[in-house]
Amino acid sequence: MERSLLQWRLLPLLALIASLLSVFFASRSYEKETQCSLLPHDHYWISSKRILTPDGLISGSVEVNGGVIVSVVKEEDWYKEQRSRVKVIDYGEAVIMPGLVDVHAHLDDPGRSEWEGFPSGTKAAAAGGITTLIDMPLNSDPSTVSPETLKLKIEAAKKRILVDVGFWGGLVPDNALNSSALSSLLDAGVLGLKSFMCPSGINDFPMTNITHIKEGLSVLAKYKRPLLVHAEVEMDSEIDDATDNDPRSYLTYLKTRPTSWEEGAIRNLLSVTENTRIGGSAERAHVHIVHLSDASSSLDLIKEAKGKGDSVTVETCPHYLAFSAEEIPEGDTRFKCSPPIRHAANREKLWGAMMEGDIDMLSSDHSPTKPELKLLSDGNFLKAWGGISSLQFVLPVTWSYGRKYGVTLEQVASWWSDRPSKLAGLHSKGAIAVGKHADIVVWEPEVEFNLDEDHPIHFKHPSISAYLGRKLSGKVVSTFVRGNLVFGEGKHASDACGSLLLAT
Ligand SMILES: *[C@@H]1O[C@H](CO)[C@@H](O)[C@H](O)[C@H]1NC(C)=O
Ligand SMILES: *[C@@H]1O[C@H](CO)[C@@H](O)[C@H](O)[C@H]1NC(C)=O
Ligand SMILES: [Zn+2]
């Protein structure tokens, strides 16, 4: 009797001790996990007077739990519920918006990590409010054109990324006419394919012709994944007079890649996109034209194809919207990219097309290199590496240069989050809505800053960025990736806990 009484008393006590111990150990391992985040908890609310939801701007709060948005409430409904036990971070008047999804970035890793690399690239992304980026299949070494080379990418990215990262595969002559090769690359998890209609500048990434593209689309249709195309085709340049051939003059470079290069490529490309129409042989495939620069005939062709029902979208990049040929200083090869930045009148038309919705989205085309290859001291536009370094600045650049055209927060989120996430098939991203990943940027559109030496820049080679010296508006306060506060108050989380986004 006494014994059983003892048991009766001891058991609950033992159970209590056991549960206390388990809480102790759980919280210890939990503490470890939180190195992924600057916050010590994974269930919390963030509040602000300006939260951008799919239904417009609200004043209220967003509840995050376990990396996912679990509720979004307006201020007037907030007080009805008892929330005192849960942590609330009040961001005041700062804008809470879906994190940016950059569908076009070159992180050059593995193989050319002295150009960029996953750690520096994703740190820059986090500091710029980008929560997902899709890495291009070229400029790393080797290029991502097979399951084996994708595996190298995955190994290079694992545990070294602060934001979520997915991959485009390369459509190249070697795999384009071999549907089992393409299928194995798509089965391995690339979110879609990328090809060039002109030399890419990288030897192991040769250009495709229209037959390759057509065949590629028929395989992509089965996977419902897009083909991204660099649409320029080599034609005669406009340089005919040896005297107007100064390689330090930006206009010389501009003449080597006239708008006819874009127009010719797009015309050829659109000869096969009719297959993507409903009922077509490549229905469910999609063609996305990257970094459009020519806002005249090239854009007209794209509009026409869309009108006919072709599954086509187009992006441009902040540098085409911010800069113009007229203002590029002699020898300043930081501004070299292809297709080239054109005249101010073209920039106006690009902005018009953004505002009208004829251009669907933006991407960074962050395409760095090591400073030596920019030939900054020679200033030779014809020989320097083409590519603009911008990753960390795309949000303030879009906002700063767009204000004079009346850009709204809704448009910024559409161009940078909603449409790009749909292009990449990432349906858990791109909006502040219940059930979506808690990928969030908190920023202050009104706060101005100078991009000078004092500004902390996280990509590998700040000196080659064409944006240095500019004054921008729009300061990123905090960046959350799947609920982890990966960037806040100028600091990054110490562990790199971004996820790999592989298509299944
Ligand atoms: C097509 O690709 C498969 C898988 O990569 C490869 O085994 C095969 O040899 C290729 N066929 C041709 C004709 O190149
Ligand atoms: C494209 O190149 C392939 C060889 O890789 C060739 O068979 C095909 O005829 C070419 N198509 C065009 C339109 O030139
Ligand atoms: Zn690119």
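Which residues surround ligand 2? Select Pro-173, Asn-209, Ile-210, Thr-211 and His-212 in this predicted model, and you have the shell. Helix H7 supplies the largest share of the shell around ligand 2, 3 residues. By character, the shell around ligand 2 splits into 2 nonpolar and 3 polar residues, with no charged ones.

Next, select helix H9, residues 259–269. Of its 11 residues 8 are buried, so H9 is largely enclosed by the rest of the structure. Colour the buried ones: Thr-259, Trp-261, Glu-262, Glu-263, Gly-264, Ala-265, Ile-266 and Leu-269. Their packing partners are helices H7 (210–223) and H10 (297–307), together with strands E11 (226–230) and E12 (286–289).

From E12, go to the loop that lies between E12 and H10, where His-291 sits. Phi of His-291 is near 30 degrees, a positive value in a residue that is not glycine. His-291 counts as buried because 25 other C-beta atoms lie within 10 Å, and the threshold is 20 or more.

A second positive phi is at Leu-375, near 50 degrees. Leu-375 belongs to the loop between strand E14 (361–362) and helix H13 (394–402). With 18 other C-beta atoms within 10 Å, Leu-375 is partly exposed.

Finish with the cis peptide bonds. One joins Asp-141 and Pro-142, with omega about 5 degrees; Pro-142 is in the loop between strand E7 (130–135) and helix H4 (147–157). Another runs from Ser-338 to Pro-339, where omega is near -5 degrees. To find Pro-339, look in the loop between helix H11 (318–322) and helix H12 (344–356).

Methods. Residues are numbered from 1 along each chain as its sequence is written. Chains are lettered from A and ligands numbered from 1 in the order in which they are written. This is a predicted model: local features need pLDDT of at least 70, side-chain atom pairs count only at pLDDT 80 or more; totals for chains, interfaces and linings use all residues. A residue is buried if 20 or more other C-beta atoms lie within 10 Å of its own, exposed if 12 or fewer, and partly exposed in between; C-beta atoms are placed from the backbone. Helices (H or I, at least four residues) and strands (E, at least two) are DSSP runs, numbered from the N terminus. Two residues are in contact if their C-beta atoms, placed from the backbone, lie within 7 Å. A residue is near a molecule or strand if its C-beta atom, placed from the backbone, lies within 6 Å of it. Ala, Val, Leu, Ile, Met, Phe, Trp, Tyr, Cys and Pro count as nonpolar, Asp, Glu, Lys and Arg as charged, and the others, Gly among them, as polar.
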